[in-house]
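Please open the model in your viewer and keep the sequence panel beside it. The stops below each name what to select and then describe what is found there.

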Amino acid sequence: MNEETKEDEIHMTTPELIEHHGYIPETHYIWTEDGYCLTVHRIIGPKTSNEQLTDSNVTSNTEQNVTDDSEISTLLNVDKLTLNEKPENNSSSRPPVIVNHGVLSSSADWVLLGPQKALAYTLCQAGYDVWLVNARGNAYSRKHKIYTPKNREFWDFSYHEVGYYDLPAIIDYVLEETANSELSYVGYSQGTTAFYVMGSERPEYNAKVKVMVSLAPIAFLYNQQSPLLKLVVHFYNLVEWGSFYCNIHHWFPHSKFQARAVSTIIRNAPPALTKSFCNCWFHIIAGFGSNQLDKDMFPLIFGHFPAGVSAKQIIHYSQGIVSGAFRKFDYGFSQNLKKYGSSQPPKYDLRKVKVPVAIFYGENDSLTHFSDVQKIIDKLPNVIETKKIEYSKFNHVDFLWGRDAKKLVYNNVVAVLKRF
């Protein structure tokens with residue numbers, strides 16, 4: 001890939017990246033029960049010599065990071081809106097699979113490695129109808145029926161709401177659109193947390209999922225080894241205070257200016273400096289020692305990452321690190337009594353997650369210590385496979401952008417899905 005092509009991809013939206021890589025994208029808007037509009041990107045297959053993309057296949061100007069009131073008004077008048085005019089019967093011979101990202105991420109992270117390596121294309125090449133989630137609050141899903149991102153109320157959610165509202169809405173929509181009764185699910189990091197929440201709180205959805213693949217699963221975090229999180233977690237009460245009193249509810253927002261500035265700095269600064277900085281940024285959170293991140297990928301990665309997160313999501317995870325439990329958001333003694341009827345937040349019951357689950361973890365992943373992964377395995381009733389990544393230094397972000405992720409992880413993911 002030449003430098004000009006890389007520069008172009010830094011500023012592309014996910015559908016533009018998909019089309020650029022030789023595949024056919026669709027963009028779907030899905031409404032949740034509590035009023036959020038989620039943008040889901042679909043890859044329906046590779047382009048062939050006889051298939052030409054038209055405006056009905058992809059329209060990039062609707063991919064905006066800043067909420068537009070007129071666009072919201074338009075969306076509010078449509079129960080189910082897609083960017084393309086679909087035939088009445090939109091069923092596909094390809095079995096559907098939902099792929100869900102982690103905190104700070106978006107659908108773009110599953111295509112950045114390109115058509116020969118990225119998970120989204122690996123699944124598509126294996127014959128799957130791929131649906132890439134954008135959870136509420138990230139760069140692609142920042143619309144609500146009542147609130148805008150400027151409102152405190154818009155950001156009043158953690159991973160609980162992603163699991164309780166977002167995933168059921170997406171699952172129902174995908175099944176209806178594809179005329180299927182079941183689908184497969186691949187979750188990474190928060191994408192696993194949200195699924196465990198859904199399976200615990202809305203167990204009726206177990207019947208709609210054939211198999212769930214957990215990449216770098218997170219439910220219990222007490223033993224996480226990230227130096228940064230070990231430091232920050234002791235101040236999460238201060239973060240909560242600042243969020244409430246200083247009206248800071250949105251962390252690490254994504255903007256085109258940020259993407260251009262970071263990519264320019266990375267391209268023009270001394271290579272040794274940029275490599276050291278980027279490696280430090282990721283490794284201090286994800287795990288030291290891995291050789292999986294190519295320095296040439298850094299401008300592209302930072303062109304799309306981070307994609308934004310609510311302060312409440314960070315606080316909820318911090319509470320889990322301190323308590324060692326996988327439980328609902330802790331509002332404090334008095335508010336817990338009002339909301340839950342108990343002084344402590346209720347724990348999620350992983351025994352209710354009946355879906356067959358395959359777990360993939362890296363022993364060098366600072367966020368998923370094996371003792372915490374083992375607690376998940378012990379509590380889930382239907383773990384069909386547990387696989388440690390063969391490369392001993394494989395860390396948390398390598399699941400997204402590792403140069404050998406396809407060989408070490410993605411091909412095995414496909415093998416699991418093919419069993420169902």
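Begin with the second largest cavity of this predicted model, whose volume is about 30 Å³. To outline it, select Tyr159, His316, Gln319, Gly320, Ser323, Ala325, Arg327 and Lys328, which line this cavity. Which helix gives the most to the lining of the second largest cavity? Colour residues 311-323, and you will have helix α12, which gives the most, with four residues. If you then colour the lining of the second largest cavity by class, you should find two nonpolar, four polar and two charged residues.

Move next to the largest cavity, which holds about 60 Å³ of space. Its lining is made up of 13 residues, and those lying nearest the centre are His101, Asn138, Gln190, Gly308 and Gln313, so named here that you can select them together. By class, the lining of the largest cavity has four nonpolar residues, eight polar residues and one charged residue. The count of cavities of 30 Å³ or more comes to two.

From there, select alanine 307, which is located in the loop between α11 (298-304) and β10 (309-310). Is alanine 307 buried or exposed? With a relative accessible area of 2%, alanine 307 is buried, since the cut-off for that class is under 20%. Add glycine 137 to the selection and draw a distance between the two C-alpha atoms: they are separated by 8.6 Å, although the two residues are 170 apart along the chain.

For a contrasting loop position, go to alanine 207, placed between α6 (190-201) and β8 (209-215). Alanine 207 is exposed, its relative accessible area being 56%. Leaving aside residues up to four places away in sequence, alanine 207 touches Ser181 and Glu182. The C-alpha atom of glutamate 182, which is 25 residues away along the chain, is separated from that of alanine 207 by 7.5 Å.

The next stop is strand β1, which you can select as residues 23-31. Nine of its nine residues are buried, so the strand is largely enclosed by the rest of the structure. Turning the view shows that both faces of β1 are covered, with Tyr23, Pro25, Thr27, Tyr29 and Trp31 buried on one side, and Ile24, Glu26, His28 and Ile30 buried on the other.

Now add strand β2, residues 36-46, to the view. Strands β1 and β2 run antiparallel and are joined by nine bridges, and one pair to pick out is tryptophan 31 with its bridge partner in β2, cysteine 37. Follow the chain around the hairpin of β1 and β2, where four residues lie between the strands, and stop at glycine 35, which takes a positive phi near 95°.

Staying in strand β2, select arginine 42. Arginine 42 counts as buried, at 2% relative accessibility. Where does its side chain make a polar contact of 2.7 Å? Show aspartate 129 as sticks as well, and you will see that this contact joins the side chains of arginine 42 and aspartate 129.

Finally, zoom out to the whole chain, which has 16 helices and twelve strands. Of its 420 residues, 57% count as buried. Among contacts between residues at least 6 apart in sequence, 79% join residues at least 24 apart.

Terms used: Residues numbered from 1 in each chain as written. Predicted model: local features only at pLDDT ≥ 70, side-chain atom pairs only at ≥ 80, totals over all residues. Heavy atoms only, no water. 1 Å grid on protein atoms, 1.4 Å probe; cavity = no way out; pocket = protein on both sides within 12 Å on 5 of 7 lines; lining within 4 Å. Points joined across faces, edges and corners; volume = space filled by probe spheres on them. Nonpolar A, V, L, I, M, F, W, Y, C, P; charged D, E, K, R; others polar. Helix = DSSP H or I, 4+ residues; strand = E, 2+ residues; numbered from the N terminus. Buried < 20%, exposed > 50% of the residue type's maximum accessible area, 1.4 Å probe, protein only. Polar contact = N/O pair within 3.5 Å; in protein donor to acceptor, adjacent residues only side chain to side chain. Pairing = 2+ DSSP bridges. Contact = heavy atoms within 4.5 Å.
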